[in-house]
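Let us walk through this structure step by step, beginning with one helix and widening the view from there.

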Amino acid sequence: MKTVDIIERIEGEAKLHLNWKNGTVHDAHIAFLNFRGFEFMLEGKSALDALVYTPRICGICGQAHLYATVNALEDIYKNAGIALEVTPKAKSLRELGLIVEIIQSHIKWFYFFIMPDINKNSTYFDERFIPLKGAAWLKAQEASSSIIKALAVFAGQWPHTSYMIPGGVVSDPTSMDMIFVENYLDKAITFFEQNVSGVDLHEYLSFSKSENISDISKDLKIFIQMSFEQKLEKIGQSYDRFFVISDDLGFVKGKIKHKNSSKFEMSKIHENSDFTFDLKTNKQKKEKYTWAKSVKYDNLFYETGPLARALVQNRKFIKAIHKEYEDSVFTRVLARIDEMAFLLHKAKDIVQTIRLSEDSFIKPKTDLKMIEEGFGIGVIEATRGSLKHDVTLHNGIIQRYEVITPTVWNLGPGNALEYGIAQKAIIGSKSVDEATIILRSFDVCSVCTTH
Amino acid sequence: MRSKPTLVWLQALTCNGNTQSLLSSNHTRFEQFLLAFDIIYHPSLTNTITLKEVVSSNSEIDFLLVEGAITSQTHFFSLSDMSVKTILQTLAQRASYIISVGSCAVFGGIHAKFEQNNDIQGVEKSLEHITPKSNHKIIHLTGCPVHPEWILQTLFTLKAKGVIQLDLHNRPVELYSHLAHHGCTRNEYFEWKVEAHDFGLKEGCLFYDQGCRGPMTHSSCNKILWNDVSSKTRVGMPCIGCTEFDFPRDNLFETKKNIGIPAEVPLGISKRAYLSITGVAKTFKIERLNKKIIDENS
């Protein structure tokens, strides 16, 4: 038997093709049918204009794309042997902006995207999680729009500011601006303590055993109850391989394979488009079924995102949860929420150590137009995982721009030898609802997947 | 109009930035919005009805809001097995008011730059003479993204009065008569022609070197502040003119100049008037405007 379902509420939609045998999914294809061609748009544009284009790849994680673009353009200077100075202050403001964006996204994802589905399938149905009406849903809108102010005060606006630029940032916040940032971080911490976990942030961050889940109350406790009811701790396992591409924001770059952590080489990351549609309609081959490409490291698929980050940097609570519940839906969701706590703490740290007397921006010694042939790679950890931009310039004009998004790592199509990460996780599902929750646990962003 | 008018939101070729902007509304305002309007379908938010069901239903839609550019090319873009153009045309026939939310929906915006897809257009062109049932012109909210208040004030005005005054490009007059320049905290530097020496400074105007389009761009970005707190130009990012129909222009971070003079002068000001004032202003060296506003080391 075959089924085809359209999955909505994933920042766009996807088509889930499932093949069933004896009531179990034994083959799964995820098709992303929306293509907007950002890599093609960027060809022929001036290098700095990419700072305006790439955030518009995605309305919810635009600052990660901005950061990746800045890193790639700065890498071009480095590769050309031109010294470029970015002050710790500018780096802090970049990191702070991206952290705020990740936190607002995690809040929205939990309350707007995954909880409504888990709630709908539960016998503990709680009307507080009903979209647009429930008290918890409304509180999440308040919390996500509030934390964003901590970014807007030095970035001007969100979404779609381009406040990062090669050489630093465009803004020069005052001491009071930074107090304002801290006030809104504190407000988010209160939200995490009073609405999400019911635990003081520092106590939460000291959790180290899987039994600590019984110390959690509030909305996260409801999620935990519903998870065990729906056996979300037993479904959604993939290869248990993890990848983190950058150590900015307090993360640690590296990979995990067979439970062993190690470093990686950038040159072993390869994109593939065997199953990806071509631009020209008359050239389609039968095996092509999605606009998503796939990406592998050293010829293997790796999962990226908050769970990967928690494991690679050895955060004890998630490590313990993972030991007990593997890379299940439950673990993946909990890792995302756990990351909110980690990042709120990190953001406070940045605010308290930033030195405002440093320069925000130090003009690069040469214009990118003066570099005849330039090539740069920019990597960063975005909300959903590892993000990589590759840029080739000729006299400051973009010749080629390649983007590998986190969702390509997690949701790209597999090949004859191996399923993709999400495909593998879905195989074995007993119902479409189950497969959908598994898919959702990766925090699917359709617009990023295909860009 | 119903006491709680119905609203359907369609996402076409978009980054969903306008949805994210709407969700970033001031919380009080967002609650007022939810109380005043009945959101039947929003692809990121509602979970009671599918897009297919919305399209095949016969129910009337008071407000159809469209985010993103439109294409008929299903090879590049399809939603629920339909082209977005078909979806738009079907929904539009049941809609009393149509609001294009964001520059992509109005005229294609950044998405129209993907030229390998030769059919990317704004909502109005894609509707091919289908008009809203109220006979009200299609309302254009330009911006990349649109400020959430622009959406809410447009909706609340239409709910209260049934009509909203529009400019020549069918944008609400009250939201788009001002220029991004109005209310910018760097205005005094513009008056006295003191340029920002670089990025990353509190001082100086970004019009002369950094490419700021504030004096030529219709928007209320510095009147209705973003996220209630600031704006791009206030913090030091040049206005990129995202509410105008030539967005995105090329070389957004530099001012095009001829013999040291900005190639474009503020809207409605003759070059002669601009040059005369500039010449006079530049003869004065104003100490206050040429030093740091705040000394962080003191």
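**A helix and its surroundings**

At 1.5 Å a residue, the 23 residues of H7(A) should span 33 Å, and since its end C-alpha atoms lie 31 Å apart, the two values agree. The model is a predicted one, and every value given here is computed from it. Although the span of H7(A) agrees with expectation, the helix does bend, by about 25 degrees, at Phe191(A). Phe191(A) is also one of the buried residues of H7(A), which are Met178(A), Val181(A), Tyr184(A), Leu185(A), Ala188(A), Ile189(A), Phe191(A), Phe192(A), Val196(A) and Ser197(A). What do these buried residues of H7(A) pack against? Their partners in chain A are H4, H5, H6, helix H8 (201-205), H9 and H12. After H7(A) comes Gly198(A), whose phi is positive, near 70 degrees.

One of those partners, H9, can be followed in turn. Helix H9 of chain A covers residues 218-229, twelve residues in total, and reaches 17 Å from its first C-alpha to its last, which is close to the 16 Å expected at 1.5 Å a residue. Which residues of H9(A) are buried? They are Asp219(A), Leu220(A), Ile222(A), Phe223(A), Met226(A) and Ser227(A). Because these residues cover an arc of only 155 degrees around the axis, they are on the same side of H9(A). An α-helix has 3.6 residues a turn, so residues three or four places apart point the same way. The buried residues of H9(A) pack against four helices of chain A, namely helix H4 (88-120), helix H5 (135-147), helix H7 (175-197) and helix H12 (329-353). H9(A) is followed by Lys231(A), which has a positive phi, near 55 degrees.

A further helix of chain A, H3, runs over residues 62-79; with 18 residues it reaches 26 Å from its first C-alpha to its last, close to the 26 Å expected at 1.5 Å a residue. H3(A) is mostly covered, as 16 of its 18 residues are buried. The residue Gly81(A), which follows H3(A), has a positive phi, near 75 degrees.

**Two single residues**

Two residues of chain A can now be looked at one by one. Thr449(A) lies in helix H16, which spans residues 446-450 of chain A. Is Thr449(A) buried or exposed? Thr449(A) counts as buried because it has 28 C-beta neighbours inside 10 Å, where 20 or more are needed for a residue to be buried. When residues up to four places away in sequence are not counted, Thr449(A) touches Phe32(A), Ala292(A), Thr405(A), Thr407(A), Val408(A) and Leu411(A). Of these contacts, Val408(A) is 41 residues away from Thr449(A) in sequence, yet the C-alpha atoms of the pair are 5.4 Å apart in space.

The other residue, Lys139(A), lies in helix H5 of chain A. Lys139(A) is partly exposed, because 19 other C-beta atoms are found within 10 Å. Along the chain, Lys139(A) and Ser105(A) are 34 residues apart, and their C-alpha atoms are separated by 14 Å.

**The chains as wholes**

Seen as a whole, chain A holds 16 helices and 14 strands. The radius of gyration of chain A is 21 Å, close to the 22 Å that the globule rule gives for 451 residues, so chain A is as compact as a globular protein of that length. Its C-alpha atoms fill a box of roughly 65 × 55 × 40 Å along the principal axes, and 59% of the 451 residues of chain A count as buried. Among the contacts in chain A between residues at least 6 apart in sequence, 71% join residues at least 24 apart.

Chain B has eleven helices and nine strands, and its C-alpha atoms fill a box of roughly 70 × 45 × 35 Å, again taken along the principal axes. Of the 298 residues in chain B, 50% are buried. Among contacts in chain B with a separation of 6 or more, 74% are between residues 24 or more positions apart.

**Where the chains touch**

How many residues does each chain give to the contact? Chain A gives 64 residues and chain B gives 62 residues. On the side of chain A that touches chain B, the elements that give two or more residues are helix H1 (38-42), helix H2 (50-53), H4, H5, helix H6 (149-155) and strand E5 (168-169). The residues of that side of chain A divide into 31 nonpolar, 18 polar and 15 charged.

Terms used: Residues numbered from 1 in each chain as written. Chains lettered and ligands numbered in written order. Predicted model: local features only at pLDDT ≥ 70, side-chain atom pairs only at ≥ 80, totals over all residues. Expected span 1.5 Å × (residues − 1). Buried ≥ 20, exposed ≤ 12 C-beta atoms within 10 Å, placed from the backbone. Arc of directions from axis to C-beta. Contact = placed C-beta atoms within 7 Å. Rg over C-alpha atoms; globule rule 2.2 N^0.38 Å. Nonpolar A, V, L, I, M, F, W, Y, C, P; charged D, E, K, R; others polar. Bend = angle between axes of the 7 residues up to and from the residue.
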